[in-house]
Amino acid sequence: MIFNKDNYEFLMGMSIPKLINTLLPEVNTAFQEMVLNAKKEGIFIKLKSGYRSFDFQKRIWNRKYDNYIKKGYSPKSAINKVKEYSALPGTSRHHWGTDIDIIEENNLEEYELQPIFFEENQIFFRLHQWLNKNAHLYGFKLVYTKDSNRNGFNYEPWHYTYAPLSVSYLSTFLKIPIYQIKDVLQIQGKDFFSEAFLNKYIQENVLGINEELKVK
Ligand SMILES: [Zn+2]
């Protein structure tokens, strides 16, 4: 995919692509096949989150930022706290329709996902084991791995990406001059979004992923 205005809007969640079940059609097809085969083995995969728009991510970011400011954090430390877990709007892989947060069908939806749920003897451990073994067969790979050499977001055992599309999306995304996109400069904390800050964010957070998902 070549970089141009249309796909920068797409890759930054500013134009909504054709979606099925909140995923790109090709991703949904692979996902449904995975769900079906998991079911045969008694694992009931549920999609917790697929596509998210720029505006949706902006509401998450701004709400968290404002909360930290209310608690007395400085703008700079509030930004650092928010980006421990939440992507800067425009840079979330959930904008692409290729990335999924998955759980097993049960009643945990109202809770924030935590890595502990996927550990031995915990509620999503069987799901975790099944995904480790099988997800790649359908094109899905873990993004925010447990690798201690990785920068950026914390370990997320629930976040998978459809690699056949997202590897090239990432390579196109990296060509976008984020600093020149005016919508990004209207997010809470914007006074600190220098070109250097955004470049560092790209290096640490956007590229703080499973090595197999980077363009060689
Ligand atoms: Zn996610």
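**View 1. The whole chain, with 7 helices and 4 strands.** This is a predicted model, so let us start with its overall layout. From the N terminus, the elements follow one another as α-α-β-α-α-β-α-β-β-α-α. The radius of gyration is 17 Å, close to the 17 Å that the globule rule gives for 216 residues, so the chain is as compact as a globular protein of that length. The C-alpha trace spans about 50 × 40 × 30 Å along its principal axes. Of the 216 residues, 33% are buried. Among contacts with a separation of 6 or more, 74% join residues that are 24 or more positions apart.

**View 2. The open sheet of 4 strands.** Here the strands stand in the order S1-S2-S4-S3, and their pairing is antiparallel. Strands S1 (45-49) and S3 form the edges, each pairing on one side only. On average, neighbouring strands of this sheet are turned by 45° against each other, direction ignored. Helix H2 (residues 25-40) packs on the sheet and touches S1, S2, S3 and S4. The direction of H2 makes about 140° with that of S1.

**View 3. Strand S4 and its two partners, S2 and S3.** Strands of a sheet pair through backbone hydrogen bonds, either parallel or antiparallel. Strand S2 (residues 99-104) pairs with S4 in the antiparallel sense over 3 bridges, and Asp-101 has His-159 in S4 as its bridge partner. Strand S3 (residues 140-142) also runs antiparallel to S4, joined to S4 by 3 bridges. In this pairing, look for Lys-141, whose bridge partner in S4 is Thr-161.

**View 4. The two covered faces of strand S4 (residues 159-162).** In a regular strand the side chains alternate between the two faces of the sheet. On one side of S4 you will find His-159 and Thr-161, and on the other Tyr-160 and Tyr-162. These four residues are all buried, and both faces of the strand are covered. Helix H6 (residues 163-173) lies across S2, S3 and S4. The helix runs at about 85° to S4.

**View 5. Helix H5 (residues 125-134), with its buried and exposed residues.** The buried residues of H5 are Leu-127, His-128 and Leu-131. They cover an arc of only 100° around the axis, which puts them on the same side of H5. The spacing fits a familiar rule: an α-helix has 3.6 residues a turn, so residues three or four places apart point the same way. The buried residues of H5 pack against S1 and S2. Asn-132 and Lys-133 are exposed, on the face of H5 turned away from the buried side.

**View 6. Helix H4 (residues 75-85) and what covers its buried residues.** Ala-78, Ile-79, Val-82 and Lys-83 are the buried residues of H4. They cover an arc of only 125° around the axis, which puts them on the same side of H4. The cover over these buried residues includes helix H3 (54-70) and helix H7 (195-206). Turn to the face of H4 that points away from the buried side, and you meet the exposed residues Lys-76, Ser-77 and Glu-84. One detail is worth a second look: Lys-83 belongs to the buried residues, whereas Lys-76 is exposed.

Technical notes: Residues numbered from 1 in each chain as written. Predicted model: local features only at pLDDT ≥ 70, side-chain atom pairs only at ≥ 80, totals over all residues. Buried ≥ 20, exposed ≤ 12 C-beta atoms within 10 Å, placed from the backbone. Arc of directions from axis to C-beta. Contact = placed C-beta atoms within 7 Å. Rg over C-alpha atoms; globule rule 2.2 N^0.38 Å. Pairing = 2+ DSSP bridges. Axes fitted to C-alpha atoms, helices over the stretch in contact; angles between N-to-C directions.
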